[in-house]
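Here are my notes on the model you sent. They take the fold of one chain, then the contact between the two chains.

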Amino acid sequence: MDADRDYLAAAGDAFVWLSENAWQIHTATEVAQALAAVETAKIQLAVLDVKPAGIGIAELIRRLRQPQLKIVVMAGTVTEEMRAASLAAGADLVLEKPVSPEGLKAVFQNFCELLGWAVPSPNLETLRNVGITDLIQMECQAGNSSVLEIFREHSLGRIYIEQGQIIHAVCGELAGETAFQKLLGIAGGTFELRDFELPPERTLNRTWEYLLAEVGRQRELSDLRGHTGGMVSGDAVSTEPAGSAAELLICAGTGEALYQWQCADAAARLKLLQNIAHRAEALILEIQLGKLDRLEIQLPDGRAVLQPRADRLIFARITAPVAK
Amino acid sequence: MKKDFKTWFASLPAVPGVIASGVRQPNGKWGGFSDEKNFPVEKIESLLKQFADLHEPLAAAELPARWTTWVFEYGQLRFVPRPDQWLLLLVVSPETEAAQSLDRLSEIFLAFPVK
């Protein structure tokens, strides 16, 4: 909210661009508009000018305050008195208005951190997927009830969350877990959080942690299948059809296991990944063929793929399809 | 294996996209070829030495490799170990005939008679 329409338009456009269209911006030039927006839309972050017309900033913050709403106050120059008054009234952050593109990016990063959202990478698909999954996670962790509607030109489907549990998903004629997976795998879509309404049926009864982990697992498998079977672009390391996933381990760069599936000895797999990462470091220096993408191991009954990236260590084993 | 193998091994550089090739015998002797300044034959020897022992920890981890492929941005390294301790190394450029032929060449190497 800001009385300066030009500033509002420019800042709104910039944040939409920085979020790769994942953010939906509502603007207000008057207090009444701001209050109405927070009442009617599921606003998660309110950014306020320090001097709203006709009302003190502390009073505006108090009127806007809601459990799930983060409030940031911005001013051309932030004084200690201004900061103290805003924080005392319930603001989460007080910042100076950015005056350069770099400043705008820094402010955007502050907003992402405040919301607990990942700062978008240049990868559009990743950004959008991260945005949706993070939003679902936030809604569930907060025990909220809402409906997440996913669009790409037209509405593609809905995910119903009731008191922090995902109870129904629908995508065209699909429903339940299949629909949920499909909706979260859509690239190039946008989404909108709506007030909760009862779904026509309940098709999901697993925990939200399981459902989101499954989305991550399917995504990793999909990526790895591209490397372990089917049409690998150009390099033709693999020419057979994709088989069935037999084992999967995903660890953080630090070695902490983030997800494991049918992994009998995760510690041994991690040790192997670290061994490969160590060898890869030496190889990269020695042979100068660029970064290592993956190590593929051809097995008697399938393939294993190891990806020792700096931020992720991934082990996947896929069995070859049974000949008919 | 020797005569047929030598002929076959000598033909590898003719496959478009092969940057280098090397082979390590069970007694530790090795031979190699390289067509690139950035990939001298000494490098092949070094790689063969470094990776001769790679397949043991893989087998111990219940991953008995028929072959392994290190996929880099600008090339691939294929190691093919035989049960009789011969080890083949192929270095190829991506998106080339050699890259397309890696599996076939590996199978040929594995199929050479032992003696």
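1. What share of the 324 residues of chain A count as buried? The figure is 31%. The structure is a predicted model, so the points below describe computed coordinates.

2. On confidence, the model scores ipTM 0.94 and pTM 0.50. For chain B the mean pLDDT is 89, and 97% of the residues of chain B reach 70 or more. Where pLDDT is low, predicted coordinates should not be read in detail.

3. Chain A contains nine helices and 13 strands. Among the contacts in chain A with a separation of 6 or more, 53% come from residues 24 or more positions apart.

4. Five strands of chain A form an open sheet with antiparallel pairing, in the order β7-β6-β5-β4-β8. The edges are held by β7 (174–175) and β8 (190–195) of chain A; each has a single partner strand, so one side of each is left without a neighbour in the sheet.

5. Within that sheet, seven bridges link β4 (residues 146–152) and β5 (residues 154–162) of chain A in the antiparallel sense. As a reference point for the register, V147(A) is opposite Y160(A) in β5(A).

6. Helix α7 (residues 177–184) of chain A lies across four strands of chain A, namely β4, β5, β6 (165–171) and β7. The helix runs at about 75° to β6(A).

7. Which residues of helix α3 (residues 57–64) of chain A are buried? They are I57(A), L60(A), I61(A) and L64(A). Because these residues cover an arc of only 100° around the axis, they fall on the same side of α3(A).

8. The contact between the chains takes 25 residues from chain A and 26 residues from chain B. On the side of chain A that touches chain B, the elements giving two or more residues are α9 (266–287) and β11 (292–299) of chain A. Of these, β11(A) gives the most, with eight residues. By class, this side of chain A has 13 nonpolar, six polar and six charged residues.

9. How is β11(A) joined to strand β3 (residues 67–72) of chain B, and what is the sense of the pair? Six bridges join the two strands, which run antiparallel. In this pairing R294(A) stands opposite V71(B) in β3(B). The strand of chain A that gives the most residues to the side touching chain B is thus also bridged to a strand of chain B.

Definitions and conventions. Residues are numbered from 1 along each chain as its sequence is written. Chains are lettered from A and ligands numbered from 1 in the order in which they are written. This is a predicted model: local features need pLDDT of at least 70, side-chain atom pairs count only at pLDDT 80 or more; totals for chains, interfaces and linings use all residues. Two strands pair if DSSP finds at least two bridges between them. Two residues are in contact if their C-beta atoms, placed from the backbone, lie within 7 Å. Axes are lines fitted to C-alpha atoms, for helices over the stretch in contact, and angles run from 0 to 180 degrees between N-to-C directions. pLDDT is the predictor's confidence in each residue, from 0 to 100. Ala, Val, Leu, Ile, Met, Phe, Trp, Tyr, Cys and Pro count as nonpolar, Asp, Glu, Lys and Arg as charged, and the others, Gly among them, as polar. A residue is buried if 20 or more other C-beta atoms lie within 10 Å of its own, exposed if 12 or fewer, and partly exposed in between; C-beta atoms are placed from the backbone. The arc is that of the directions from the helix axis to the C-beta atoms.
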